[in-house]
Amino acid sequence: MNDLRIVNLSTYTSPKIKEVSNRDWISYGEDNNYFQYLIDRYNGSPTNNAIINAVSSMIYGKGLDATNSNKKPEQYAQMISLFDNDSVRRLSYDLKLMGQCAIQVIYSKDRTKIAQIEHMPVETLRAEKCNEKGDIEGYYYWKDWNKIKPSDKPLRIPAFGTSNEAIEILYVKPYRSGYYYYSPVDYQGGLQYAELEEEVSNFHLNNILNGMSPSMLINFNNGTPNAEERRLIEQRIYNKFSGSSNAGKFILAFNDNAESAASIEPVQLSDAHNQYQFLSEESTKKIMVAHRVVSPMLLGIKDQSGLGNNADELKTASTLMDNTVIRPFQNLLIDAFDKILAFNGISLHLYFKTLQPLEFTEIKHVVDEETREEETGVKLSETLNDKEHSEIADDLISISDEMGDDWILIDESIAGDNEDEIKNYFEFATVVTGDARKKSKQDSSLFRIRYAYAGDIESNTREFCKKMVNASKAGKVYRWEDLQGQKDNNPGFGVGGREKMNIWLYKGGPNCKHVWLRRVYLKKGNKKISVGKARKIISSLPLDDRKEARFEGPSAAKKYKNPKEVAQRPIDMPNNGYKNPR
């Protein structure tokens, strides 16, 4: 009687979560080392590796920001100091790879605020058994749980908000039905295929290294052993020769005589190359399905779907991926960050700056600017040339100055195009350019005309405008010559971004709500005109007593007349201040 048995390869099972009576922590996986299993599948499967790297990068994007950062600069600065880029990037990576992440929360000495947060490698933690209310009050730390001995005592760290200790753990995980202590990864269903992809490549490698020898069928022709002997023989052969790493190896048998020798017959697969190609392609597809990858093109993988030639389809895939995969991860992290900020009395509207191209974002139905910034993940107060624009503000501020004690402000108004009505009263002298204390071509011996940047600072105000408004509030003013020198220094606001923008005319750029203010100063202690008289002249233009006001020299009013755009906010201009309609 022949006894035929089929030896099955080990199959993947879901992670087992076990409570052991003599331990305070909960094991994760059959051998309490399931996190390492996930790391192995990440390292072994090229498709799984690429997707996890790409998605974790998309989650982090360009870092953490807040839509109301301009309204709450002090709170925003505290947030940035707490959540450094490296920690947030690692948390994003753990959340995707491991299905959860952990934040080490470090309190100040008096425990009145959270002084620091650090990324905690989640594979080093195990959850404590829950209390009678079902709450997890702590986590146990051990560097390598695979090597822990019964005599070892892991470090207990209390869960966030459950103690008065200096360090706590905020454990971040999504809800998964049937799981309480830990959360399986979102690509759980694709792990078998990740392992299959790994084994197929491993098989081919070992097959080549072992000379392309075929696998073998082993027949024992010396009778049928009893059940226990059959089980032992079966187990020994399986342990020694199964698996892709033994592809192409041969068996050396020692026998009492030739009559009782085992016969070894090679098993050839007639279409092996087609089978392995199918397994490889099927694994790749199923791994992408498990990760919810809408299009392989988003990961730089070219396929035959047509997305490479259809920008609309690629845009749709990118938007869908961002909304269904990336945003849920980001929201999970933001919820955890909000808990930490709330302890410090900080209330910010957090979001992650996106890596997605701006043209791929849907903003048609978004009304207010803060919501638009959050939905797009793009800091809308910044343009592609915002850095250059900000540097121009620094240059302007460096050459500006306060007027000093020798001059008194007698008038402040919008810098309009009626300079000729004012300059008709003043002498003009051509002098070299310099700081605000030096004379301008618009000055007279008694009067000086300077300009200040004015307007409100809002949540979407550009960095250039913030700097300029704050500088003007501090008393910084500019000569006409200083502002002419900044002409055409900010590119990118014309058609296709090719033309340059004139700061004197267009201030902070398209949609800017700021203007230049004209400030007129009178020389203190002069013998020719009083402050009151000068203010009367300025406020009552045009006047009949022009001769009294024109103290010295000819007028150069028309030569230095300001264009009408100087007095306008770009948002009130045609095309909202764009030099040409787009």
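This passage describes the overall composition, the nonpolar cores and one helix pair of a predicted model. Local features require pLDDT of at least 70 and side-chain atom pairs pLDDT 80 or more, while totals for chains, interfaces and linings use all residues. Residues are numbered from 1 along each chain as its sequence is written, and side-chain values use heavy atoms, with hydrogens and water left out.

The protein contains 16 helices and 17 strands, assigned as DSSP runs (helices H or I, at least four residues; strands E, at least two) and numbered from the N terminus. Of its 582 residues, 42% are buried, that is, under 20% relative accessible area with a 1.4 Å probe, protein chains only.

The largest nonpolar core (buried Ala, Val, Leu, Ile, Met, Phe, Trp, Tyr and Cys residues joined through side-chain atoms within 4.5 Å) comprises 40 residues. Val-55, Phe-83, Ile-103, Leu-333, Phe-337, Ile-340 and Leu-350 have the most contacts inside this core. Helix H8 (residues 311-343) gives the most to it, with ten residues. Another core, of 29 residues, lies apart from it and includes Ala-393, Tyr-451, Trp-480 and Ala-534.

Helix H1 (residues 34-44) packs against helix H4 (residues 85-98) at an angle of about 95°, their axes being 10 Å apart; axes are lines fitted to C-alpha atoms over the stretch in contact, and angles run from 0 to 180 degrees between N-to-C directions. H1 and H4 are therefore roughly perpendicular, a term covering 65 to 115 degrees. Phe-35, Leu-38, Ile-39 and Tyr-42 of H1 meet Tyr-93, Leu-97 and Met-98 of H4, contact being defined as heavy atoms within 4.5 Å.

Conventions:
Buried < 20%, exposed > 50% of the residue type's maximum accessible area, 1.4 Å probe, protein only. Parallel < 35°, antiparallel > 145°, perpendicular 65-115°, else oblique.
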